[in-house]
Amino acid sequence: MRIWRFTRFSLLLGVFLSSFSELTGGAELNVTVEEGTSIHINAGAGINTPCKVCISQLCQSSVILRSDTRLDFSCSQPENVFTVQIIRDTVNSDIEPKEHHAFQKFNRTFTWNLKSLIRTIHLNFSRTGLRQIQPTDSCPDKHVYMITVENVSVGRFCQNGAISAVHVRNFGKLSLEVSGGQPLDMKVIGVSLERAMNSLANIHVVLPERSSTQDFFTPKTFPENAETVWYFIVPHAYYTDVHILNYTVPTCLQNENIPTMKYTWQDKDPLVKPLNGSQPLVETGNFNLSIKNCRMSRSSLPSEGLMVHFQISAIKRIKGQCERDLPEKQMLQIRVVKKDPKSICVLKLDSVIMDTVTIASGNHFVINSFDCNKDEIELTVSQTIECKEWRNCASTPSSITFNYEQNCIPGVLKTITWHLHGPQNSSVELQSPTGGLRYCLPEEKCNSILLLNVFHGNPGITVGQFCPKGSIEKIQIREYKIAVTASVTSFNDRNLATKPFLTYSFTQDIAEHYIFYVAPKLGNPTMLATPAWPSGMKPSSTVSWIINMEPQLKSNLKFRNVSQPKCKEVHTNIAVQQIRSQAMVYSTKKDENINDVLVPESFYLNMTNCKSPTGSFRAMMEITLQNSPNKLLGIILSILGILLMIITALVIWIVLRKKKRNKAPPVSVYNPNEHAFLPGLHGIPITQEEEDPHTYVYIDDTLVYCHLLEDDAENEQCKERSTDESPPLSGPPLPDRPVSKGKSLVTKGNTLVDSEHYGYIQSTTSGSPKSPIKTSQEGAYETRLCV
C-alpha cells in the first residue's frame with residue numbers, strides 16, 4: 001500500500017499500492033514495483049525546471065525503479081514535469097493492463113516488450129478494435145496505442161476501429177499512452193505465437209457492415225526491402241474503393257523496383273498498381289494489399305523514405321451485370337456513357353472503372369454497374385450496313401431497325417446511327433412506312449419521340465432533320481454513303497428502335513443531288529427547306545421537289561426565307577414547272593426578287609446553286625393547298641346532272657307502268673269445270689273428264705253485249721247476226737299459261753256472274769255456235785276472265 005504524506009496533514013486514500021502526500025516544499029510517493037516490470041520516471045523533453053525526483057536524498061531529473069521505492073519530489077505538482085513509463089519484459093501471454101493509481105495524474109505509457117526468435121507474435125485487438133491515425137494525432141479517449149517492430153514504428157492507433165489484429169515478426173513492442181488524469185481502460189489484448197512470416201508486419205482489418213472510410217499508413221522510416229501487408233475482410237454486398245491520398249518514394253537502385261501497390265483477390269491474378277496511378281475501385285470480396293520498399297541508393301544526396309497514406313472506403317451497393325458476345329456480323333458499336341462524372345454511379349468494363357464504356361462487334365464483354373439509376377446512363381449505338389456489290393443488294397427496300405439483344409446493358413437509348421454504304425456511283429433512297437416524314441427545322445419541336453437526321457460526306461453534310469408522319473414520301477440522295485441518326489427525345493419506349501420506321505434501298509445514280517417526293521395535305525401547310533438548312537447548299541449542287549396534288553386542288557407556294565449568294569458566272573436558279581403540261585410557271589433571274597407562286601396542278605420545284613458562291617444559298621418554302629373553284633363547280637354540276645337523269649328515268653318508268661295497267665280490259669270466260677284461275681297468270685284449267693272442252697279462240701263483243709244496246713234497231717240487228725251470221729273463229733289465241741298447282745280460283749253459284757250481261761259464245765270444240773250461256777237457275781258456273 002502506497003501513501004502520500006503531507007507536512008501539515010495526511011490523508012488516507014484507502015487501500016492502494018501507493019499513496020500521495022503533498023508537502024509545503026514538495027511531494028513524497030511510495031511505489032511498489034511488480035516482478036518483471038520497470039518504471040521509468042523522466043522529466044518531460046524540453047522542460048527546464050528545478051523540480052527533481054529524489055531517492056534516499058539523491059535527486060535527479062529521471063529515475064528507473066525495479067523494486068519498491070519511496071520517491072520525494074522537490075515540487076508540489078510533479079505530474080506537470082515528469083512522465084511515467086511502465087515496461088513489462090518478454091510477454092508471451094495475454095496482456096491485462098493494470099493501473100498504478102499513484103501515477104494516475106501523470107502522463108503515463110504502458111509498454112509490453114514482445115520477443116520470439118523464430119515465430120510470429122499475434123496481437124489480437126478484437127475486444128478493442130484499432131484504427132490508425134497520423135503520427136501527430138491523438139485519440140478522443142486519451143488512449144493511444146503504438147506498435148513497433150524491430151525498432152520500426154508500425155503506426156499509432158486509437159480504440160474502436162476496424163483493425164482486429166496485428167502480426168509482428170521476431171520481436172516488437174506494444175505501447176499504450178494514457179493522458180494524465182485519465183483512468184486506464186483495462187481491456188485484455190490477446191497474444192499468441194504463430195508460424196514465421198517474411199513481412200515486417202501484417203495488419204488484419206474487418207470492415208464494418210455499414211458505409212465506412214479507414215485511413216492507413218506505411219511504417220515510419222520504412223526499411224529497405226521490407227514489406228507490410230494488410231488483409232481486408234469485406235462484408236457481403238459491400239464494395240471497396242482504394243485511394244492514395246499522399247505518398248513519397250525513395251531513390252531506388254533499380255527503377256523497375258520502385259514501390260508499388262499489389263492487390264490480391266481470391267481466384268484472381270494479382271493486380272499491381274503504381275503509386276501515381278489509379279487504384280482499384282468498386283471491388284467486392286476480401287483482398288490483400290502489400291507494399292514493399294526497394295533497395296535504396298546510397299548517393300550523397302539524401303532522399304525521402306517510403307511513405308504511403310491510403311484510404312479504404314466500403315459501401316453497400318446495388319449491382320447490375322451484363323455479359324454478352326457482340327456478334328461481328330452486326331457491325332455494331334455501343335457506347336455507354338455516365339452523364340454525371342460526380343455521380344456515385346459506377347461503370348466497370350471487365351473490372352476496369354470507366355465513365356464511358358465502348359463495346360465493338362466481335363468482342364465478349366462484361367459490364368457491371370453499381371448504384372446507377374436508369375436516367376444516369378445514356379446509350380449511343382452505331383451500326384454499319386454495307387452492300388458493296390449490286391448482286392448482294394436487296395431488290396426491295398429493307399427496314400432500318402436495331403435488334404436490341406443487348407438489353408441487359410444499363411441506361412436509356414439516346415441515339416442510334418445507321419451508316420448505309422452502297423455500291424460505287426449508287427444513290428440511296430429513303431422511305432417511311434409509317435406515314436411519311438416532315439421537315440423539322442432547328443427551332444421547331446418534333447411532336448414525336450424520334451428525330452431523324454440524315455447526313456453524308458466527311459465532314460458530315462446535313463441533308464435535313466425530319467420527324468415521322470409528314471408529307472415527304474421519299475428521299476433520294478446521290479451519294480453511296482450516307483448516315484441516318486435517330487435521336488430519342490423521350491425515354492419511355494426503350495424498344496422503339498426495333499420498329500421499322502424507315503426503309504432504305506440502293507438505286508442507280510440520279511440526275512439531281514437530292515430529290516424529295518412530297519404529297520401535301522389539304523388544310524395542313526407543308527414546310528420545305530434546302531439541304532443543310534440553316535447552312536447553305538454545296539456549290540453546284542441541285543435539289544428537286546416533286547409535288548403531287550389531287551386534280552381538284554391548286555398549290556400556293558410561298559418563299560419564306562431565301563438567301564442568295566454572289567456568283568461569278570452562272571447564277572443560282574429557282575424554277576417551278578408543271579408536271580402534266582410541262583409548262584414553266586416560274587423561274588428566277590439574276591438579282592430578281594423571289595415571288596410567291598400559285599400552281600394549278602402537280603409541279604416540280606428545282607433549285608441549283610452556282611459553282612463558286614460568295615455567301616450561302618438557302619431557301620425555306622411553305623406549300624398550302626386550296627380547292628380549285630372551276631373544277632369544283634364542274635364536279636357539282638356533274639353530280640346534279642346524274643341525279644336529274646336518275647329522277648327522269650324513274651318518272652318515265654312509273655308512267656309507263658301505270659299506262660300498261662290501264663290498257664288491260666277485263667274478259668269473261670265460261671268455266672264449267674269448277675276451277676277458277678287468275679287472268680293473265682295461268683292457262684285455262686284442264687279437267688280429268690275432258691281435255692280443254694272450253695278453250696275459246698275468239699269472242700265477239702256484239703254477241704255478248706247485245707242486250708245492253710239501247711237502240712231497238714241495233715238490238716234487232718245483233719239478234720239476227722247471232723242466229724244467222726255467226727262469224728268464224730278468227731281471233732288471236734290466248735297465251736298458254738299453265739295453272740299453278742293449288743292456286744286456281746273456283747267460284748260456285750251466281751254470286752260473281754250476272755246472266756244478263758252475256759250473249760252467245762262460240763266454242764273451239766265443235767267449230768259451230770253453241771247455245772246461249774245458261775242462267776244461274778240452271779246451276780251453271782260462270783267465271784270472269786280479265787286479259
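How accessible is Lys187: buried, partly exposed or exposed? I looked this up before anything else. Lys187 has 27% relative accessibility and counts as partly exposed. I note here that the model is a predicted one.

**Entry: the partner of Lys187**

I looked for a charged partner and found Asp185, which forms a salt bridge with Lys187. The closest N and O atoms of the two are 3.9 Å apart. Asp185 has a relative accessible area of 26%, so I put Asp185 down as partly exposed.

**Entry: Lys338 and Asp355**

I turned to another salt bridge, in which the side chains of Lys338 and Asp355 meet at 3.4 Å, N to O. Lys338 belongs to strand 25, residues 332–338. Asp355 sits in the loop between strand 27 (352–353) and strand 28 (356–360). The two are 17 residues apart in sequence, so the pair ties those parts together. I then checked each end for accessibility. Lys338 is buried, because its relative accessible area of 8% is under 20%. Asp355, at 36% relative accessibility, counts as partly exposed.

**Entry: salt bridges in the whole structure**

I searched the whole structure and noted 14 salt bridges. One of them joins the side chains of Glu150 and Arg169, with N to O at 3.1 Å. This pair links distant parts of the chain, 19 residues apart. Glu150 is in the loop between strand 11 (143–149) and strand 12 (152–159), while Arg169 is in strand 13, residues 163–178. Glu150 comes out as partly exposed, at 24% relative accessibility. I also recorded a network of salt bridges that links Asp241, Arg317 and Asp371.

**Entry: pairing of strands 13, 15 and 17**

I followed strand 13 to its pairing with strand 15, residues 201–206. These two run antiparallel and are joined by five bridges. As a marker I wrote down Val168, which stands opposite Ala201 in strand 15. Strand 15 is also joined to strand 17 (residues 227–233), by six bridges, and here the strands run parallel. My marker for this pairing is Val206, which stands opposite Ile233 in strand 17.

**Entry: Gln132**

What does the side chain of Gln132 reach at 3.1 Å? I began with its place in the chain: Gln132 is in strand 10, residues 130–133. Gln132 has a relative accessible area of 6% and is therefore buried. The side chain of Gln132 reaches the backbone nitrogen of Phe217, at 3.1 Å. A polar atom of the same side chain lies 3.4 Å from the backbone oxygen of Val154. I listed what Gln132 touches, leaving out residues up to four places away in sequence: Val154, Gly155, Arg156, Phe157, Ile163, Asp215, Phe216 and Phe217.

**Entry: nonpolar cores**

Which residues of the largest nonpolar core touch the most other members? I found Leu420, Phe516, Trp545, Leu605 and Met607, in a core of 73 residues. Strand 48 (residues 618–627) gives the most to this core, with five residues. I took Leu420 for a closer look. Not counting residues up to four places away in sequence, Leu420 touches Ile385, Ile400, Val428, Leu430, Tyr480, Lys481, Ile482, Tyr504 and Phe506. I closed with a second, separate core, which has 70 residues, including Ile41, Phe125, Leu130 and Val308.

Conventions. Residues are numbered from 1 along each chain as its sequence is written. This is a predicted model: local features need pLDDT of at least 70, side-chain atom pairs count only at pLDDT 80 or more; totals for chains, interfaces and linings use all residues. Side-chain values use heavy atoms; hydrogens and water are left out. Helices (H or I, at least four residues) and strands (E, at least two) are DSSP runs, numbered from the N terminus. Buried means under 20% relative accessible area, exposed over 50%, partly exposed in between (1.4 Å probe, protein chains only). A polar contact is a pair of N or O atoms within 3.5 Å; within protein, one must be able to donate a hydrogen and the other to accept it, and residues adjacent in sequence count only if both atoms are side-chain atoms. Contact means heavy atoms within 4.5 Å. A salt bridge is a side-chain nitrogen of Lys or Arg within 4 Å of a carboxyl oxygen of Asp or Glu. Two strands pair if DSSP finds at least two bridges between them. A nonpolar core is a set of buried Ala, Val, Leu, Ile, Met, Phe, Trp, Tyr and Cys residues joined through side-chain atoms within 4.5 Å.
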